[in-house]
Amino acid sequence: MSSGALKQAARGSLSRAGAVAIAMTLALGAAACGPAGPETSGGTGHARLDTEPGRPLPSPLRGVTTDSVVDREQLVRAVSDHSRAPTVRIVFEQDTPVRAYAAAIGRLRPHAYLMGELLDSDALSDFSVSQVRERTEKFVAAYGDRIDVWEIGNELNGSWTGDSPGEINAKVLAAYDVVKEHGGRTALTLNHWSGPDCYEKAWEPTSAYARLMPERLKRGADFVLLSIYETACSPAQHPTADQIGATLVRLGKTFPRAKLGIGEVGAQRKQDGLAKDPGLAEKKRLAQRYYGMQSALEKRVGPRFVGGYFWWYYAEDAVPRDRAASLWPTLDRLLRSL
């Protein structure tokens, strides 16, 4: 995900292969959703969920992402107060011990469906195949009965993820095999690239990379998702719902049994190499634009489309939920609308 942009910024190239960032789209954001209407605080909460292993997942998925569980009580409050139960994607940071997530996972599970991202995109390049397998075994052993979906590869068609599809795919396949041996569900996330202004290497185009993946992944992946950051391209990409839907339809042919969705959107900030932080209005525009594509994407993709979206900066933008300039009311309204 967004740490790929940090790596690209360090290389002095934020405009092309791997910079993931914010969108500055006023007109397109408004067109995608129409008038947003007045914000409300929400907070009515939703019913507690069944916590048994292997519980069925909703469709659509109402996704948010947290890359931190440090402020656990406020995170649980924000999640449990949503009007509809979200699917919370937890990013397992490479330097954080496995056991550090136990309390947060236990507290969140009655209030949310859980996706575990085993390694963020640029972290994958720091691990060997055997290290990925070992890491996956540790996390699955610890949380296999509590994580509903395992994201085994993030932004795989980004040059910051590895040097070649062969190298990248071998690691993803190692994680896939461990998860499947334990009966778990798997998700793959690819970058949505609108054109050659978005990447540097011949193997990075979205559909082309998918065709290079091992047959075992093509046949067995449960979810295939798209990461969409508009200024990942220069000039910025502004994909329409029809363009995104067309990409998902093509991916559906490569992955014939997978559910299809959007796995990541967000508004980057200075810490990711941009000149300035986004304001609340900009965050709202982005969230409204992509979560607001649900109906159009359902129509374009069909019953295999499962939503998702998974706003990356949930911990930074919506926790605590009632702080000044919180994105939580906007996200609650959008999750409720799916």
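Twenty-two salt bridges, that is 22, are present in the predicted model. Among them is the pair formed by Arg77 and Asp322, whose closest N and O atoms lie 3.1 Å apart. Arg77 belongs to helix α3 (residues 72-80), whereas Asp322 occupies the loop between α12 (314-318) and α13 (328-337), so this salt bridge ties together parts of the chain that are 245 residues apart in sequence. Arg77 is partly exposed, with a relative accessibility of 32%.

A second salt bridge joins Asp317 to Lys283, with 3.0 Å between the closest N and O atoms. This pair also links distant parts of the chain, since Asp317 is in helix α12 and Lys283 is in helix α10 (residues 280-291), 34 residues apart. Asp317 is buried at 1% relative accessibility, and Lys283 is likewise buried, its relative accessible area being 12%. Salt bridges with shared partners further connect Arg77, Asp81, Arg321 and Asp322 into one network.

A local salt bridge is provided by Lys171 and Glu167, for which the closest N and O atoms are 3.4 Å apart. Both residues lie in helix α6 (residues 165-181), and because they are four residues apart, about one helical turn separates them. The two partners fall into separate accessibility classes under a cut-off of 20% for burial: Lys171, at 5% relative accessibility, counts as buried, while Glu167, at 26%, counts as partly exposed.

The backbone was examined next. Most residues other than glycine have a negative phi, and most peptide bonds are trans. Against this background, the peptide bond joining Ser59 and Pro60 is cis, with omega about 10°. Pro60 is placed in the loop between α2 (26-33) and β1 (61-66). The peptide bond from Val319 to Pro320 is cis as well, and its omega is near -5°. Pro320 is located in the loop between α12 and α13, the loop that also contains Asp322 of the salt bridge with Arg77.

Positive phi values occur at Glu155 and Ala325. In Ala325, phi is near 60°, and this residue too is part of the loop between α12 and α13. Ala325 is partly exposed, at 49% relative accessibility. For Glu155, phi is near 50°. Glu155 sits in the loop between β4 (149-153) and α6 and is buried, with a relative accessible area of 0%.

Strand β3 (residues 113-117) was considered together with its neighbours. Five of the five residues of β3 are buried, so the strand is largely enclosed by the rest of the structure. In a regular strand the side chains alternate between the two faces of the sheet. In β3, Tyr113, Met115 and Glu117 point one way, and Leu114 and Gly116 point the other way; all of these residues are buried.

Strand β3 pairs with both β2 and β4. Strand β2 (residues 87-91) runs parallel to β3 and is joined to it by five bridges, with Thr87 having Tyr113 as its bridge partner in β3. The connection from β2 to β3 passes through helix α4 (residues 102-108), and this β-α-β crossover is right-handed. The pairing of β3 with β4 is also parallel and comprises three bridges. Here Gly116 stands opposite Trp150 in β4. From β3 the chain crosses through α5 to β4, in a β-α-β crossover that is right-handed.

The internal space of the model was then analysed. One cavity of 30 Å³ or more was identified. The space in this largest cavity amounts to about 70 Å³. Its lining is made up of 13 residues, of which Leu118, Leu119, Leu124, Val132 and Ile152 are the closest to the centre. Two or more lining residues are contributed by each of α5 (129-143) and β4, and these are the helix through which the chain leaves β3 and the strand in which that crossover ends. In terms of residue class, the lining of the largest cavity consists of six nonpolar, four polar and three charged residues.

Key. Residues numbered from 1 in each chain as written. Predicted model: local features only at pLDDT ≥ 70, side-chain atom pairs only at ≥ 80, totals over all residues. Heavy atoms only, no water. Salt bridge = Lys/Arg side-chain N within 4 Å of Asp/Glu carboxyl O. Buried < 20%, exposed > 50% of the residue type's maximum accessible area, 1.4 Å probe, protein only. 1 Å grid on protein atoms, 1.4 Å probe; cavity = no way out; pocket = protein on both sides within 12 Å on 5 of 7 lines; lining within 4 Å. Points joined across faces, edges and corners; volume = space filled by probe spheres on them. Nonpolar A, V, L, I, M, F, W, Y, C, P; charged D, E, K, R; others polar. Pairing = 2+ DSSP bridges. Right-handed = clockwise from strand over helix to strand, strands pointing away.
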